[in-house]
Each structure stands twice: as structure tokens, then as C-alpha cells.
Amino acid sequence: MADTRLYDVLGVTSKASDAEIKKSYRKLAKEYHPDKNPENGEIFKEISFAYDVLSNPEKKSVYDRHGLKGLQEGAVDNSGGSRRARRQRGQDTIHPLKVTLEDLYNGKTTKLQLSKNIICPSCHGSGGKAGAFVSCKSCHGRGIKVTVRQLGPGMVQQMQSVCPDCHGEGEYINEADRCKQCVGKKVINETKVLEVLVEKGMKDGQKIFFRGEGDQQPSMEPGDIIIVLQQKEHDVFQRDSSQDLWMTRSIGFTEALCGGQFVITHLDERELLVSNKPGQIIRPGTVMTIEKEGMPFRKNPFEKGNLHIRFDIKFPENGFADNNRLKVIEECLPPRPVFHMPHGEHVEDVNLHDYDPNDRRGTSGGQRGEAYHEDDGEEGMGGPGVRCAHQ
């Protein structure tokens, strides 16, 4: 007896078309999505697995012939043993889709309008009336023209090119016999709207496949339409190669020493209240982690990575307190390290100044240094051809 359990999960028969399977999956996925029904997480997994098998032509063929056991054992569909010659496959069509980090966190369904070629419905891809094709006389039906060019005595060059008369078809149709809808091209252009499901936890560069939705050509298997996700840069969060999120938070010197609170607005608009306990010192560059607040895992949105916060400490401005207040603050801080004053002629007092990248004084090779050395050289030697007079 044939195994129909996966069809039963989606509520369709084993003879259901691809469109019917997709329609039923989308309806059930919305009904049992973990965001709406957290208690039905296992049912949602069964629905996703069933669609993953039945939406893939190769997996579906194996399942129809061998059931779930055949899928688990890696069976191959040989269609009774004699494998038929496979049709030539058309090229895949790749389309980029820009998404935000919020889209990848929350999931999103978007509609994408595309233009593609389909087999002409009037002539069914023949291009004209039955028997109206004429073998191309220019290429003798080969679709390729061979040109021989003399390079020199006893030397020739043979070149092949697509026949310009039949455009590589090897045959053509007289204008009077051509299909009125496709004008003998065998295909027409159609605008198609695809519903693209961006699942929670997908990543930048991830591909979404629409099997067999590429351009159609007679006697060729259509390629796929491949949607490639391109994530826009986010103002607050950065995602690493895993499911973790990173952000930088600036806090004041008082908060770093004495504790404090701040709010993070997450990608789903939840507000996370973050508390730093008094006495929990945060140093510049410190990284703290909030567990399970990173990106969701695809196919398992209840599991999430972590959110890492890298702290930047804003110190007070110069002169923020007078000497008396500084002494009070110092009494609250750990004691200074013991300082031993050096003595002797080699000790010299120096002052600290703010760094100025435009100040070139003291730089070897600076313009002022070079001018000084040139002047010094001229004065010391008395100029060219001048000697000191002896008394």
C-alpha cells in the first residue's frame, strides 16, 4: 500500500498538483505557526517537513515509490530501471531581493513581479503551422555556418558561427505561416508575480528557489528562479556568521562605576530593560551578553542566538569638578599606587598636552627642521667661497 502520510499532513491527495500542495501548506503554516500557536510547535514541524519533501520533485518521486523509508535510506528513483534521456535544462534566473535585519528576524512575505518567457499557448511552441518549417539553405539545417579563411600559403583558418538566417535553429518559417501571437518565436513574454517567503533566521546571501519557474523553451526543461537575499546594513545591530547579534552601547563614567539602567529596542520592537548593578564595574571595551536575544534559528524560531553588548565609556570633561570635590571623590575610590619621587640632575619636569595631528614640530624631516638645518649650514660655513679672515 502506498505511503500517503505526508499528503495527509497537508490535507491533500496523492494526485494533488504542485499549486494545490503549496496553497495547502501556506494555509496550514499560518494556522499552526509557533508565533500564533506555541503549543503546536511539533505540528508545524511536521507540516514543514511534509512540504519540504512534496515540493521537491526528486524527493517527491522517491517518496511516491518508496515511502518515508526510501527517503531515509537514500533511495534513487530509476523509474523502473531504464532511465530515460533527460531533457536539456535552461538557465537559472537570479534576482536579488533587498531585506532588512528586521525582515530576517521577524520573517516576511513579499510579492516580486518578474518577466519571463513561456511556451506560446497558440502554437504550443511550434512557431507556426504544422509542416510549415523549411530547412535553412544557408547552413543546410545545421544551425551553424562554417567559414574558411586563407591565412597564407598552405595555411587556412576554419571558424564556426551561429547561422544569421535561422538564428541557430537550422530551420525557419515563412512569414505567411508564422504564428500570429509569437510571430514564429515559439515563446511569448509573461509577467508573473511570485510570493517570496523570507523565513525567520535566514541569512544574507541565502537563496530561495522556485523550481521550474525560469524561462521556458521548446524541448527544454525550464531552469529555476533563484531569489538571493541581500541584507541592508543596520544602524544598531550587526550579525556575525552565527545567529548572534552585536551592538555598541555608550554609557557614562558614573554608570560604569555606580551602576544604572538603559533600554534596548529590539528588532521586533520589544524593549529590553538592561540593568547594571552598583559595584559591577564596566571597563572600556567590556563585552556583556544577553542570552537568547540574538537571531532566531531557521526552521526552529523558538531557539535564538545571543545578544552581545560592547561598552564604550564616556569620561567627564576636563574641569568637571573643583579640587575639593575631587578630594571627596578620591576618598571613595581605591587608593593610589605608592609613588616614589626620583631625585638627581637627570630628573626633569615635563607637561602633558592634548594631541594635535597637525602639529609637525619635532618630526624629523618636517619643513621647519629642514629650513633650520639649511640656515645653520650656510651660516657655519660662511657661504660658498668665503673664508674666515685671520688677525
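Leaving out neighbours within four places in sequence, Glu-271 touches three residues: its contacts are Val-263, Ile-264 and Thr-265. Glu-271 belongs to strand β13. With a relative accessibility of 61%, Glu-271 counts as exposed, because the cut-off for exposed is over 50%. The structure described here is a predicted model.

**The hairpin around Glu-271**

Strand β13 covers residues 271-276 and runs antiparallel to strand β12, residues 260-265, with 6 bridges joining the two. In this pairing, Phe-262 faces Val-274 of β13 from the opposite strand. Together β12 and β13 make a hairpin, and 5 residues lie between them. Glu-269 sits in the turn and has a positive phi of about 70°. Strands of a sheet pair through backbone hydrogen bonds, and the pairing can be parallel or antiparallel.

**An open sheet of 4 strands**

Another part of the chain holds an open sheet with mixed pairing, made of 4 strands in the order β10-β11-β17-β14. Which strands stand at the edges of this sheet? They are β10 (238-239) and β14 (287-290); each has a single partner strand, so one side of each is left without a neighbour in the sheet. Strands β11 (residues 245-252) and β17 (residues 307-314) run parallel and are joined by 8 bridges. Trp-246 is placed opposite His-308 of β17.

**Three residues and their exposure**

The table lists the relative accessible area of Glu-271, Thr-110 and Leu-326.

| Residue | Relative accessible area | Class |
|---|---|---|
| Glu-271 | 61% | exposed |
| Thr-110 | 19% | buried |
| Leu-326 | 34% | partly exposed |

Thr-110 lies in strand β2, which spans residues 108-119. Is Thr-110 buried or exposed? Its relative accessibility is 19%, and a residue counts as buried under 20%, so Thr-110 is buried. Beyond four places in sequence, Thr-110 is in contact with Leu-97, Leu-194, Glu-195 and Val-196.

Leu-326 is part of helix α7, residues 323-332. Its value of 34% falls between the cut-offs of 20% and 50%, and therefore Leu-326 is partly exposed. Leu-326 also belongs to a nonpolar patch on the surface, along with Phe-320, Ile-329 and Leu-333. Taken together, these four residues have about 330 Å² of accessible area.

**The chain as a whole**

The chain has 391 residues, and 28% of them are buried. Its secondary structure consists of 8 helices and 17 strands. Of the contacts between residues at least 6 apart in sequence, 62% link residues at least 24 apart. The exposed area of the chain is about 28500 Å², with 50% of it supplied by carbon and sulfur atoms.

**Confidence in the model**

The mean pLDDT of the chain is 82, and 81% of the residues score at least 70. Which elements have the highest and the lowest mean pLDDT? Helix α5 (residues 101-106) has the highest, at 97, and helix α8 (residues 367-381) the lowest, at 49. Over residues 377-382 the pLDDT is below 50, and this stretch makes 2 contacts beyond near neighbours in sequence. Residues 79-86 also stay under 50. For residues 79-86 the model has 6 contacts beyond four places in sequence.

Key:
Residues numbered from 1 in each chain as written. Predicted model: local features only at pLDDT ≥ 70, side-chain atom pairs only at ≥ 80, totals over all residues. Heavy atoms only, no water. pLDDT = per-residue confidence, 0-100. Contact = heavy atoms within 4.5 Å. Patch = residues over 30% accessible without salt bridge, like charges linked within 9 Å, V, L, I, M, F, W, Y side chains within 5 Å. Areas by Shrake-Rupley, 256 points an atom, 1.4 Å probe, with all protein chains shown as cover. Salt bridge = Lys/Arg side-chain N within 4 Å of Asp/Glu carboxyl O. Buried < 20%, exposed > 50% of the residue type's maximum accessible area, 1.4 Å probe, protein only. Pairing = 2+ DSSP bridges.
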